[in-house]
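Here are my notes for your review. Please read them with the model open beside you.

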Amino acid sequence: MADAPARPVNIRVVLGGLMIAMMLAMLDNMIVSTALPRIVGEFGGLNHFTWVVTAYVLGSTVSTPIWGKLGDLYGRKSVFLSSILLFLFGSALCGMAGSELLGGPGDGMMELIAFRAVQGLGAGGLMVGVMAIIGDLVPPRERGRYQGMIAGIMAIAMVAGPLAGGFITDHLSWRWAFYVNLPLGGAALILLATRMHLPRYRTEHRIDWFGAALLSVGITAIVLVTTWGGNEYDWISGPILGLAAVAVISLVAFAVVERRVPEPILPLGLFANRNFAVISAIGFLLGFAMFGSMNFLPLFQQTVQGASATNSGLLLLPLMFGMLVVSIVVGRTITRTGRYRAFPIIGGIVMTAGMALLALLDVDTGKLESSLYMVVLGVGMGFLMQTSMLIAQNSVEQKDLGAASGAATFFRSIGGSFGISLFGAVFANRLADSSAGPMMAGGGEGAGVDPAALRSLPPEQQHAVLSGLADAIGTVFVWAVPFALAVAVLAWFIKEIPLRGSFGPGADTPEEEAEVALAGPPAH
């Protein structure tokens with residue numbers, strides 16, 4: 001039952017505030033990816049560098065379903081603002097990692113990984129909160145009208161992120177890659193706290209904490225298996241087999257619990273819907289491709305191609321431009337025609353081609369050539385990014401919108417977590433087997449890939465190291481090809497379901513439909 005109706009507000013103002021909050025998480029990933037080589041150069045620990053990203057993605061993944069349920073129980077506004085605060089707290093801690101305030105640089109990499117997990121816990125609330133609130137505000141058929149606004153904010157993050165990350169890394173300190181979140185997050189907090197008014201609900205149900213704990217344990221165990229298997233431990237070693245057993249037992253127990261509790265964290269009944277099941281699998285695979293490419297391309301550009309951190313940010317623009325332009329065109333086309341099935345199919349095919357092209361990267365690949373490859377990958381992602389969430393939300397009833405948004409975000413995030421872990425293991429193993437492995441291992445466990453240090457090596461040794469790095473990064477994209485191809489195959493099974501044009505009777509125009517959404521669903 002609703003405690004109070006939402007006050008009338010300007011939908012564009014609310015969406016603007018939500019997009020600022022979304023940009024927090026997007027900017028963070030872009031900036032940190034650009035700054036990673038410098039961070040590894042300062043702290044060392046090349047074999048742990050992917051955990052700076054994995055910890056963030058893992059934290060956001062395991063928390064996403066919990067944030068979604070908290071929003072249903074206690075109101076989306078207060079829970080969403082809490083997630084912003086937690087994200088900002090984690091950002092401040094990340095900026096202080098390895099500083100004298102926390103005991104010096106000795107354990108800097110481990111501190112940064114731990115604080116990135118805290119930051120990720122907040123980011124999980126940002127992602128699912130934005131998607132669920134937008135789903136409440138805008139009916140499916142008209143969401144394409146707002147794709148321009150969403151894509152515009154994405155463009156700012158995609159362009160400003162690499163540039164800001166490169167500038168900060170080159171001219172300030174990598175620590176400001178995290179501190180920059182604080183003023184942006186403060187602006188989002190003030191705007192949403194004062195201008196966003198959503199209906200509140202009372203419920204007698206409780207959060208399924210036991211199910212949430214089982215899910216968290218299972219997902220964490222799987223990520224550890226993919227991270228450590230073949231790297232820290234043999235695939236058939238005791239720790240890996242033990243973690244695999246923990247993962248299987250936890251997830252089976254989670255499935256049993258979710259079938260019995262009245263308010264499951266992840267309602268399994270949603271997967272009886274074919275479109276939802278298919279698009280969840282596509283989101284999982286898309287996470288593989290997206291996070292994998294974003295984190296290894298700056299490494300290639302700064303080490304193999306010799307770009308500065310700022311220039312490596314600029315060199316990512318072709319990928320982002322392709323994704324941005326296609327996202328805008330696809331969103332408007334869906335609004336005009338109401339049809340969407342072809343877009344994920346095309347996206348999967350084009351993304352596969354992009355991954356195959358990037359698998360050709362080697363020590364002699366020029367910047368123009370790699371930029372063209374990235375455009376192809378970006379175009380493929382543009383067909384999929386917004387479309388996948390739209391299909392997921394349109395596949396369920398309005399009452400299940402929050403659960404569907406949370407589940408779709410969860411599978412994309414868990415795909416990213418698995419992808420980063422698997423790609424990181426592939427990269428580390430391939431690098432260790434290359435001619436560069438013994439040279440880079442010579443610096444001990446703390447050996448890094450500081451681009452400036454690589455350029456100071458003797459020519460023959462430098463070429464061997466750069467060739468090993470290029471080969472390892474190219475191998476990552478070879479592994480990504482079958483996952484991208486699976487997206488196109490799965491997309492054939494999507495059924496075209498007409499997009500709903502409103503939330504209920506009496507809303508004849510997009511503006512009236514928006515007002516119905518802003519007023520909230522009727523009280524029961």
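Is S83 buried or exposed? That question opens the first point.

1. S83 is buried, because its relative accessible area is 0%, and buried means under 20%. Note that the model is predicted. S83 lies in helix 3. Setting aside neighbours within four places in sequence, S83 is in contact with W67, G122, G125 and L126. Two of these names, W67 and G125, come back in the next point, as does S83 itself.

2. Look next at the second largest cavity. Its space is about 110 Å³. The lining consists of W67, G68, G71, D72, R76, V79, F80, S83, G125, V128, G129 and A132. By class, the lining divides into five nonpolar residues, five polar and two charged. Please bear in mind that glycine is counted as polar here.

3. Which helices supply at least two residues each to that lining? They are helix 2 (50-74), helix 3 (76-96) and helix 4 (108-137). The structure holds seven cavities of 30 Å³ or more. The one described above is the second largest.

4. Q119 deserves a separate look. Q119 sits in helix 4, one of the helices that supply the cavity lining. Its relative accessible area is 0%, so Q119 is buried. The side chain of Q119 makes a polar contact with the side chain of S91, at 2.8 Å. Beyond neighbours within four places in sequence, Q119 is in contact with D28, Y56, F87, G90, S91, C94, F178 and N181. S91 is thus on the contact list and is also the polar partner.

5. S370 is another serine to check. S370 lies in helix 14, residues 367-394. S370 is buried, because its relative accessible area is 5%, and the cut-off for buried is under 20%. S370 touches Q305, L361 and T365, not counting residues up to four places away in sequence. The C-alpha atoms of S370 and L358 are separated by 7.2 Å. Along the chain, S370 and L358 are 12 residues apart.

6. Where is V248 found, and is V248 buried or exposed? V248 belongs to helix 9, residues 238-260. With a relative accessible area of 53%, V248 is exposed, because exposed means over 50%. The C-alpha atoms of V248 and I219 are 9.7 Å apart in space. Along the chain, 29 residues separate V248 and I219.

7. Now the whole protein. The secondary structure comes to 19 helices and two strands. Of the 524 residues, 58% are buried. The protein exposes about 20300 Å². Carbon and sulfur atoms supply 67% of that exposed area.

8. What share of the contacts between residues at least 6 apart in sequence joins residues at least 24 apart? The share is 85%. The contact of Q119 with D28 can be viewed alongside this figure.

9. To recap for checking in the viewer: start with S83, which is buried and lines the second largest cavity. Go on to Q119 and the polar contact of its side chain with that of S91. Then set buried S370 against exposed V248.

Terms used
Residues numbered from 1 in each chain as written. Predicted model: local features only at pLDDT ≥ 70, side-chain atom pairs only at ≥ 80, totals over all residues. Heavy atoms only, no water. 1 Å grid on protein atoms, 1.4 Å probe; cavity = no way out; pocket = protein on both sides within 12 Å on 5 of 7 lines; lining within 4 Å. Points joined across faces, edges and corners; volume = space filled by probe spheres on them. Helix = DSSP H or I, 4+ residues; strand = E, 2+ residues; numbered from the N terminus. Buried < 20%, exposed > 50% of the residue type's maximum accessible area, 1.4 Å probe, protein only. Contact = heavy atoms within 4.5 Å. Areas by Shrake-Rupley, 256 points an atom, 1.4 Å probe, with all protein chains shown as cover. Polar contact = N/O pair within 3.5 Å; in protein donor to acceptor, adjacent residues only side chain to side chain.
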